[in-house]
Structure formats: C-alpha cells, structure tokens
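Reader: Please show the model and explain the terms by which its elements are described.

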Amino acid sequence: MKFEVKKLVCKRIVYVIVVLSMLINGIYCFNSADRINSKKYKNASECQKNIYKKIEGKITQDKADFISTEYERLKKTIESGDYSKEYDETTYSGYIFLDYNIFKEIYDEFKYNVEYKTEAENICKKANECEKIYEIKDNKYFVEYYKNYSVIFSNRYIDEFYDTRGWDIYFKYSFSNLIIIMLIIFINCGIFCNEREEKMAVLIISTSSGKTHLIRDKIIAGVIVSLIIACVFYIEDFIIFMTVTNLHGFDNLIYSVRTFKMCPLNVSMLQFCIYIFICKITGIIVISSLVALASSMSDTNFVSSVLAVIFIIVLVIFNNIKIKTDILCLITPQLYLKEYDIVRIFNKPMLKTNYNMIFALLIVIAVYTAVWWLEAESGKVMKKERI
Amino acid sequence: MAELILKNVDFSYGKNKVLQDINIVLEKGVTALLGPNGAGKTTLINIIMALYKPDRGEVIYDNHNVRKLKESYYDYIGYLPQMPQFYKNFTAAQFLEYMGTLKGIEKKELKNKINELLILVNLRDERNKKIGAFSGGMRQRLGIAQALLNDPHILILDEPTAGLDPNERIRFRNIISQIGSSKIVILATHIVSDVECIASKAIFIKDKHAVLINNLSDLPGKMQTNVWITQVEDESKIEEYIVRYMVSNIRMVEDNKKYELKIISDEKPDDNAVMSLPGLEDAFLYYYGE
C-alpha cells in the first residue's frame with residue numbers, strides 16, 4: 001500500500017501545489033482571523049482583549065456591575081455629545097468613542113450570557129406547549145420533535161464568560177474546504193486510470209495480486225491521502241485562528257457563541273470541534289470515493305478529473321435545492337448546527353448532519369463496491385486494446 | 001518442463017477476425033513471434049496470457065486450461081510489454097519491490113532476488129536512480145528484471161528491442177541467451193535481425209494463421225526462390241528494381257560510388273547479378289512481401 005500512496009503523492013508538482021495551496025489558505029485564513037483586530041485603531045484591539053481578560057471566567061456580580069456601570073457611563077457621555085474626539089490617555093483605548101464601542105459589544109455579549117438561561121427556559125416552555133397540542137392531534141412525529149426540542153433546551157445556562165469572537169469567525173471559515181476538494185481531485189484522479197494511461201494496467205493484471213489486492217490497496221491509499229490532506233489544512237486553520245484570535249475557553253458550551261444559541265448540541269467548544277471534524281472527515285471520504293469512481297470510469301487523468309468535477313457539481317446542486325440528503329452539509333456542518341435542523345426519517349426526527357453521516361457511509365460502501373466491480377471487470381477480459 | 005499448447009484458437013475484434021485456427025506447441029527455448037505490424041502478435045500474446053478470451057479453442061499449460069488456473073497461472077508467467085514507461089518517480093529497486101509484492105514474493109526472498117536481477121541486467125549501480133532518468137535501454141533491462149522476479153516458466157517479451165541502440169540490442173540478446181535455455185521464451189518482434197542469433201524456433205503470423213518453424217536455420221533453405229546481389233551506379237535506376245522485384249537491402253559500396261542491391265527473385269534481375277545465400281530477413285520478406 002505504501003507504493004500506492006507513493007504513486008499519488010511523490011511527484012514534484014504535487015509538493016508544489018500543496019505548498020502553494022497552504023500558502024494561499026494561510027493568507028486567506030489569517031485575513032479572516034485578523035478581522036477581529038482593528039487595523040486603524042490597534043490600541044482598541046489590545047484594550048478590548050485586556051478588558052475581556054479582566055472579566056473572563058465565572059460570571060460574578062462584581063463583573064456584571066463593572067461592565068454595566070462602565071457601559072452606562074460611556075453611553076451617557078456619547079449621547080450627550082459632550083466629549084473629545086482627540087486622543088485621551090485617561091481612557092481605556094485612547095478615544096472615548098472607541099471605549100463606548102468596546103463596552104457596548106462586551107455588554108451585549110455579557111448580557112446574552114447572563115440572560116441565556118431565561119431564554120432557554122422560554123424555548124422549553126413553548127416546546128412543551130407545542131408538544132401538548134400535537135399530542136391532542138395525535139401527530140407522533142411532531143410530539144417527538146418538540147419533546148426533543150424541550151429536552152435539548154432544558155437546564156441550559158452559561159455560567160462562564162469568554163471572548164467568543166474568535167470562535168465565531170473560526171466556525172464561519174470554510175475556504176479551506178474548497179482547497180481540500182480541489183487537491184483531492186488533483187491528486188487522486190489518477191488513482192486507477194493512471195495505470196491505463198501509463199500502460200501499466202496489463203503488467204499489473206498479469207500478476208497474482210494485481211486484480212484484487214491492488215484494488216483494495218488503491219482504495220485505502222486514496223482514503224489515506226484524502227484524510228491527510230484534510231487534516232493538514234484543518235490543523236493549519238486551527239493553528240492560525242488559535243494564534244491570531246487567541247481561541248480559548250474550550251470547556252465553554254457551544255451556545256455561548258451567539259451564532260449558535262439555537263444549536264441542538266449540548267456540548268463544549270472542544271466537543272463541538274471534534275463533532276464537526278468527524279462530519280467533515282465523513283464528507284471528505286465521500287468525495288474521495290467519488291473521485292475514485294471517476295478514475296475507474298476513465299482511461300486518462302483529464303477525463304477522470306472532469307468526471308470528478310461533474311460529480312461534485314451534482315452534490316452542489318443537491319446542496320442548493322436543500323433536500324434532506326445533502327452530503328455537502330457534512331463539509332460545512334457548523335452551518336446546519338446553528339438551528340435545530342431536522343429531517344424526518346421513518347417518521348422520527350433526526351439531526352440533518354447525523355442523517356447525512358449515516359447516508360454518507362452507505363454511499364461510500366456503494367461507490368467503492370462499484371469501483372471494485374469496474375476495476376475487477378476491466379481486468380477479467382480485456383477487449384480494449386486494438387492493434 | 002511443461003508445454004504450452006494453443007489448440008484451435010480463433011479470435012476476432014467484433015466482426016474482424018484477427019486469428020484463425022491457431023495450433024502451436026511450445027517447449028523450453030527461445031521462440032520468435034514474427035509478423036509485420038498489425039499481424040496479431042500482441043493479440044496472440046494476450047491470449048497466451050489469459051487476458052483475452054479466445055472465441056474458440058483453448059490455451060493449455062501443464063495439461064491445464066489456463067483460464068481455469070485463474071490467478072495462479074501468473075505465477076508461471078513473466079511479461080515485458082511493448083515500450084514500457086513504468087513509474088517515473090520510483091527508483092529501480094522500489095519498482096522491483098513493488099512488482100515483486102504484486103507477484104506475491106516474500107519480503108526476505110524479494111530483497112535477494114532484486115539484488116541478483118539488478119546485477120544480471122547490469123543496473124546494480126542505478127538501483128537508487130529514478131526511472132524517469134533512465135534511457136530506453138535501461139528501462140527495457142529493468143523490464144526484463146521485473147519479468148524474471150517470480151522465476152517464470154514462460155517469459156513473454158513484446159517488441160523488447162524497439163528503440164534500442166545497437167549496444168543495448170547486443171546486451172539484451174546476451175541476457176536472453178543466458179536465461180532462454182531453461183524457460184519457454186516468446187519474443188515478439190518485427191525486427192528479424194534481433195532474433196536471428198538467439199531464437200531456435202519461430203512462429204510466423206500471416207493472414208490470420210500462425211505457422212511454427214521448429215528449426216529457424218532451415219527456413220531460408222525452404223524459400224522457393226533465389227536471392228541475388230547486383231550493383232548499380234545510377235541512383236535513378238534503383239526505383240526500377242524496387243518496382244519490378246522484391247529488394248531486401250540497399251547499401252552504398254566502393255567509396256560511395258555504387259549501390260549494392262539484394263533482390264529476391266526467381267529470375268536473374270540483370271547480367272551482373274550473382275546468387276547469394278538467403279538470410280532470415282530475406283525469408284521474412286519472402287513470406288510477407290507483397
């Protein structure tokens with residue numbers, strides 16, 4: 001199998017393209033992450049970080065009083081119009097209007113954290129009411145739907161406060177997915193058809209292991225290479241975001257990020273990262289299997305890559321028409337975890353991402369079975385070559 | 001050693017019949033598979049290798065139909081395809097290790113085998129060089145090495161000398177001569193001079209049929225015609241000879257002042273012509289010439 005991996009990756013052009021891709025992704029990633037910092041007022045960014053550091057951790061009355069007192073004071077000053085727009089050493093950031101913007105943002109976030117428990121209880125209450133209504137109507141699906149809803153939102157609260165701006169931008173970042181898909185197509189498109197293009201196919205099928213073990217080894221090699229590419233870029237994203245935005249609060253709950261206030265998962269940031277990583281890897285394996293299928297249907301790398309792109313376009317179309325079977329949702333699962341995004345399976349509600357992970361595994365099994373059959377058939381009786 | 005038998009084999013591409021009623025028995029030794037381009041040599045090779053299923057007939061090795069032997073048949077076969085490219089980013093040793101693994105050779109045994117074969121084909125010093133940097137001749141030699149990895153009983157070489165310079169051709173012939181006595185070696189080529197020295201038998205493919213000549217040296221003697229040598233001074237007259245007769249060779253002689261023509265013909269082409277002994281190439285041209 002090491003030879004199959006070597007065939008795919010040990011080419012100068014591959015090294016060049018991967019390094020260039022990492023560079024481009026790194027720049028894009030850095031620019032996205034750096035949006036957290038003001039370019040014009042660098043002091044303001046530093047000041048904001050310092051204030052967050054001061055009040056991070058367990059939510060206490062002292063911290064709440066400090067934030068609301070400073071916010072109210074600054075709000076009054078700004079609303080009065082009686083303030084200097086010049087640099088002032090006595091302020092936090094150097095400018096009174098920047099101080100106000102900083103404290104407004106922190107105040108809103110802090111308030112959201114403190115009041116989240118009440119909001120979750122209200123959602124729970126409404127879900128219970130809906131459950132009762134559908135019980136009367138004897139609609140088992142919606143009874144279960146709202147039951148799950150209330151279970152998810154019951155006992156939800158946030159007792160620690162962290163700067164979640166970095167997490168928010170990190171979860172929104174998806175440029176690396178595009179690069180990963182392009183690299184998988186570029187590197188893996190020749191996995192089977194290369195043998196035909198380089199006229200090694202006859203030599204391979206005239207060996208005792210050429211027809212069966214080799215197909216298995218190539219499939220595994222394709223998956224390994226795809227997973228390595230994905231991991232390299234996801235790790236790159238994480239390191240850049242970690243460095244630039246100072247990601248922390250891994251034990252904090254995912255719904256402490258306001259974008260995910262309606263997230264159906266009751267997990268910490270770290271657990272959420274692991275979950276979306278697993279979703280992404282499942283999606284990547286599907287894409288890898290489709291590229292392998294394209295390769296086994298083609299005689300040249302060019303045709304294989306065109307076919308692979310067509311398969312991806314079909315997935316994109318499915319993604320756009322918003323049907324429940326949507327493999328591409330696994331590549332950006334965080335978009336589907338902002339809300340209680342459910343699909344109906346055998347009259348039971350199921351998280352869309354979970355459903356698509358199961359469906360993806362079935363697709364992978366079916367596609368690789370097709371690949372195996374195609375390659376085994378082409379090795380059995382050849383009538384392709386003509387003198 | 002077991003015999004390789006082709007019995008009543010027919011093969012066609014769609015409606016186009018390529019091979020008809022092929023009956024051949026091969027034993028150990030070097031057998032040339034001769035025929036012009038498009039005659040069916042590679043097709044016959046693919047049938048022998050059980051890669052093509054004949055429309056009729058069967059291929060038998062060691063009293064077994066090769067299609068029934070399935071993958072185990074390939075344990076007996078070593079194959080060098082036409083103009084092999086192999087994997088440019090592999091080194092010679094890596095490539096042999098890869099092919100050895102595909103052929104099911106144990107790791108410990110494989111290492112020794114690779115060393116032996118690289119010495120045999122004179123590529124020991126190039127073992128860590130990438131195949132992309134190899135010349136055509138070096139690739140052919142590497143191809144022979146991979147074909148011999150599993151110590152095959154049947155060695156099939158398809159156009160092995162195409163594109164090689166004279167030194168490489170000689171080197172190649174020497175290797176085949178060394179190994180040819182204990183194996184069934186089938187050497188498909190349209191370059192007759194390459195097999196003249198090493199093949200004891202030949203299969204001629206013409207008009208969909210194959211004829212096995214058991215003693216190659218007898219072949220020129222079976223020609224129902226004569227071979228003549230004549231000289232011409234005027235270059236423009238050569239065309240006339242080509243139109244009227246079968247000319248097997250033209251060369252310049254006497255300090256480039258004259259042209260010497262070798263002509264295959266029943267009648268004497270001109271008064272100056274003298275009879276010559278036919279070679280294998282003349283026989284080839286006699287059987288295949290239009």
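The exchange below takes up a sheet and a helix of chain B.

Author: This is a predicted model, in which local features need pLDDT of at least 70, side-chain atom pairs count only at pLDDT 80 or more, and totals for chains, interfaces and linings use all residues. Residues are numbered from 1 along each chain as its sequence is written, chains are lettered from A and ligands numbered from 1 in the order in which they are written, and side-chain values use heavy atoms, with hydrogens and water left out.

Reader: Why are β1 and β2 of chain B said to pair?

Author: Two strands pair if DSSP finds at least two bridges between them; β1 (residues 4-13) and β2(B) have seven, in the antiparallel sense, and therefore satisfy that definition. One of the bridges joins Ser12(B) to Lys17(B). Strands here are DSSP runs of E of at least two residues, and helices runs of H or I of at least four, numbered from the N terminus.

Reader: What makes β2 and β5 of chain B edge strands?

Author: The open sheet has the order β2-β1-β4-β5 (chain B), and β2 (16-26) and β5 (64-65) each pair on one side only.

Reader: How do you know that the length of α6(B) agrees with its number of residues?

Author: The expected span is 1.5 Å times one less than the number of residues. For the 15 residues of α6(B) (166-180) that gives 21 Å, and the end C-alpha atoms are 20 Å apart, so the two agree.

Reader: Which residues of α6(B) are exposed on the face turned away from its buried side?

Author: They are Pro166(B), Asn167(B) and Gln178(B); exposed means over 50% relative accessible area, buried under 20%, and partly exposed in between (1.4 Å probe, protein chains only). Among the buried residues of α6(B) are Phe172(B) and Ile176(B).
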